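Visitor: Please take a close look at the salt bridges here, one pair at a time. I would also like to hear how the surroundings of those pairs are arranged.

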Amino acid sequence: MSVIFRCKDNYFYYQRYKFKDIKDIVNEAKIAWKYFEKNYNPNTGIVNGSANYPIIKVDSIGKTIMATISAKGLGIIDNKDFDTRTAKILNTLKTPKTYLT
């Protein structure tokens, strides 16, 4: 038994799932990757903190990095896409903007 994240109605939830083989893992990862593609901010390279809402949260940065590495490792994205996304993330992190209220 494994625990995976599923995306339903723009929310992630845990689901216990018994993988039969690597194809099952890749198929589930492709489903999850759709969320990251849909909510990707091409200006920052980071996925929105909330579905369809362009805000960056600290955990969004970590999730974006982990998802990008995983997508490359599973063959969901190619090296060029990985390099482009990673470069944008790193460039964004070099010049963070903080807004205080």
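Guide: A residue is called buried when its relative accessible area is under 20%, exposed when that value is over 50%, and partly exposed in between. The model is predicted. Arginine 85 has a relative accessibility of 7%, so it counts as buried.

Side chains of opposite charge can pair when their charged atoms come close. The criterion applied here is a side-chain nitrogen of Lys or Arg within 4 Å of a carboxyl oxygen of Asp or Glu. Under that rule the count is 3 salt bridges.

One of them joins arginine 85 to glutamate 37, with an N to O distance of 3.2 Å. This pair connects distant parts of the chain, since arginine 85 lies in helix 3 and glutamate 37 in helix 1, 48 residues apart. Helix 1 covers 22-38, and helix 3 covers 79-94. Glutamate 37 has a relative accessible area of 44%, so this partner is partly exposed, whereas arginine 85 is buried.

Arginine 85 also meets the side chain of aspartate 81 in a salt bridge, at 3.1 Å from N to O. Arginine 85 and aspartate 81 are 4 residues apart in helix 3, and therefore about one helical turn separates them. Aspartate 81 is partly exposed because its relative accessible area is 26%. Through shared partners, the salt bridges join Glu37, Asp81 and Arg85 into one network.

The pair in helix 2 consists of aspartate 59 and lysine 63, whose closest N and O atoms are 3.3 Å apart. These two residues are 4 apart in helix 2, so the separation is again about one helical turn. Both ends are partly exposed: aspartate 59 has 41% relative accessibility, and lysine 63 has 44%.

Next, the helices that carry these residues. Helix 2 spans 58-73. The axes of helix 2 and helix 3 come within 10 Å and cross at roughly 165°. An angle over 145 degrees counts as roughly antiparallel, which means that helix 2 is roughly antiparallel to helix 3. The handedness of the crossing is left-handed.

Helix 2 and helix 3 also share a surface feature. Ile65, Ile69, Leu90 and Leu93 make up a nonpolar patch on the surface, and their accessible area together is about 340 Å². Each of the two helices supplies at least two residues of the patch. One patch member, leucine 93, sits in helix 3. With a relative accessible area of 38%, leucine 93 is partly exposed.

The loop between helix 1 and helix 2 contains alanine 51. The relative accessible area of alanine 51 is 25%, so this residue is partly exposed. The C-alpha atom of alanine 51 lies 8.1 Å from that of tyrosine 35, and the two residues are 16 apart along the chain.

To return to the request, arginine 85 is the residue to look at: this buried side chain pairs with glutamate 37 and with aspartate 81.

Terms used. Residues are numbered from 1 along each chain as its sequence is written. This is a predicted model: local features need pLDDT of at least 70, side-chain atom pairs count only at pLDDT 80 or more; totals for chains, interfaces and linings use all residues. Side-chain values use heavy atoms; hydrogens and water are left out. Patches are made of residues with over 30% relative accessible area and no salt bridge: like charges are joined within 9 Å, nonpolar side chains (Val, Leu, Ile, Met, Phe, Trp, Tyr) within 5 Å. Accessible areas come from the Shrake-Rupley method with a 1.4 Å probe; for residues, only the protein chains shown count as cover. Buried means under 20% relative accessible area, exposed over 50%, partly exposed in between (1.4 Å probe, protein chains only). Axes are lines fitted to C-alpha atoms, for helices over the stretch in contact, and angles run from 0 to 180 degrees between N-to-C directions. Angles under 35 degrees count as roughly parallel, over 145 as roughly antiparallel, 65 to 115 as roughly perpendicular and the rest as oblique. A crossing is left-handed if the near helix is turned anticlockwise from the far one by less than a right angle, and right-handed if clockwise.
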